[in-house]
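Reader: I would like a close look at a single part of this model. Please keep it brisk and give the cut-offs.

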Amino acid sequence: MSSEKEINPEKAEEKETDKEKEEKLRMLGLEPSETAHGINLKDGKLAYKARVGVLPLKDDKGEIQAEIYFTSYEMNGVKDLSERPLTFAFNGGPGSSSVWLHMGALGPKRVVMKQEGWMPSPPYHLEDNESTWLKHTDLVFIDPVGTGFSRAAKKDLYQKFHSFDGDIESVGKFIQLYLSRFNRWSSPLFLAGESYGTTRAAGLAAALFGKGIAFNGIILISTALDLRPIMFRDDDDLPFQLFIPTYTAAAWYHKKLDKELQSRDLPDLLAEVEVWVESELTPALMKGDRISDEESADIADKLSRYSGLEKDYIVGSNLRIHQGRFRKELLRSEKRSVGRLDSRFKGIEAVEVNDRPEFDPSMTSIKPPYTSMLNDYLRRELGLDTDMSYEVMMDHDFIKNWKWEKGKLPSTGEKLRLSMSVNPYMKVLVAQGYYDLATPLMATKYMVSHMNVDLKLKKNIQETYYHAGHMFYLDEKCLDSFSKDVHSFIEESCENPEVY
């Protein structure tokens, strides 16, 4: 029988060319490689090996569908890996690489920012990270498909990975593959996720338990277990309630409250505001247009006092203040706005009259330093050789096509509850910043308190709070406190206490 090439040589040549193109698209040529390093810390030198590269995700036929890029670190001198914790870390988005946790908090090197986290003048620099988690756990930083150097084999495969289920499945497969490739199945295991990474972490804990992987602990950084409480819609009052204490924190930081409130200790003040939101604001908003003029005026008075905004503005907003409008309104008279990721940051506005800020100063301040230093570090220090672009964040077209769970915003609190029930040894650390207008304080408390965790397992959940924003580790004092909290958490999570 004649071959296809003999029958139609032109068609065969075309197919071969397409295959070559696909190979170029999907294959980074980054087989995992190792390099030796050391950093100088206050208590001595920390020697470790770094590993960079990709691991392939294959379908049932053995065809590569995507490659996931990772950077990992292992401390030297560990004789028994079954006693050495291993933490898989990722950021959120969806659509963010792991650069923020990698180069801002957990890794052995840290981008040098101003002490509070403000952007320094270029050129930027790295420093040894005194607060690195590598002192307590080995680290694997995962870049989900479409971020970092992680790529799908074909363009039309991205839709498989850019969904709630596809994201968890692909990252879960990577974790299984990493454990096998580098012999870490017997190590104490941890997950650390930030923002949408907490959504992912909770989903992974449930999905991977079914694959025989039980985690010792999960670290939720700026929690988004449920997206409904943090996504504003005109027909849902919940976010308009849960963001109020963070409005108070922002106003307190920028000294926009009255003297009595300004003199208060911030955590105590926020506790008072939370009680008011639950006892007065929530019932008032539930009434909708049935609320009386008298009650509406009373709510506006108190909301003005707690938010630092003018009463007329609050009345004109129908008692419902969107976070974007708050960020513009608080410092409008100064032609400044406040940040979404961190409301301590101030942005310079072109005009006063806009409805929303021009940009988020807490994002624009960190993206250039982190992007340039990550690219320099991977190539100069870790020996990575590629002309590919490291995608810090996926572009808007990819993100807007993200597919949610069954067409609705995901809620993974139930998945985390189930994971804690089937693995009652697993502990959870919830870490939150006071000035976070992306995943605000009261929303985090709402999510955690609505998981319906068994009373005997609630002791496995710890909550810690820091005087900064979404990426609270940008602040040097918060970074130090966070590292110490994590160290204690990892130690406790590796113990074997009686559960019942």
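Author: What follows is a close look at helix H19 and then at strand S7 with its surroundings.

This is a predicted model, in which local features need pLDDT of at least 70, side-chain atom pairs count only at pLDDT 80 or more, and totals for chains, interfaces and linings use all residues. Residues are numbered from 1 along each chain as its sequence is written, and side-chain values use heavy atoms, with hydrogens and water left out.

Helices (H or I, at least four residues) and strands (E, at least two) are DSSP runs, numbered from the N terminus. H19 covers residues 476–493, 18 residues in all. From first C-alpha to last it reaches 26 Å, close to the 26 Å expected at 1.5 Å a residue. That expected span is 1.5 Å times one less than the number of residues.

Buried means under 20% relative accessible area, exposed over 50%, partly exposed in between (1.4 Å probe, protein chains only). The buried residues of H19 are Cys 478, Leu 479, Phe 482, Ser 483, Val 486, Phe 489, Ile 490 and Ser 493. Seen down the helix axis, they fall within an arc of 135°, so they line one face of H19. The arc is taken over the directions from the axis to the C-beta atoms. Lys 477 and Lys 484 are exposed, on the face turned away from the buried side.

The buried residues of H19 pack against helix H3 and strands S5, S9, S10, S13 and S14. Contact here means heavy atoms within 4.5 Å. At the start of H19, a side-chain oxygen of Asp 475 comes to within 3.0 Å of the backbone nitrogen of Lys 477.

Now strand S7, residues 138–143. Here 6 of the 6 residues are buried, so S7 is largely enclosed by the rest of the structure. Asp 138, Val 140 and Ile 142 point one way, while Leu 139, Phe 141 and Asp 143 point the other.

Strands pair if DSSP finds at least two bridges between them. S3 (residues 64–75) runs antiparallel to S7, joined by 5 bridges. Phe 70 stands opposite Ile 142 there. S4 (residues 86–90) pairs with S7 in the parallel sense over 4 bridges. Phe 88 stands opposite Val 140.

Phe 88 also belongs to the largest nonpolar core, of 87 residues. Such a core is a set of buried Ala, Val, Leu, Ile, Met, Phe, Trp, Tyr and Cys residues joined through side-chain atoms within 4.5 Å. Phe 88 is among those with the most contacts inside it, with Phe 174, Ile 175 and Leu 416.

Technical notes:
Polar contact = N/O pair within 3.5 Å; in protein donor to acceptor, adjacent residues only side chain to side chain.
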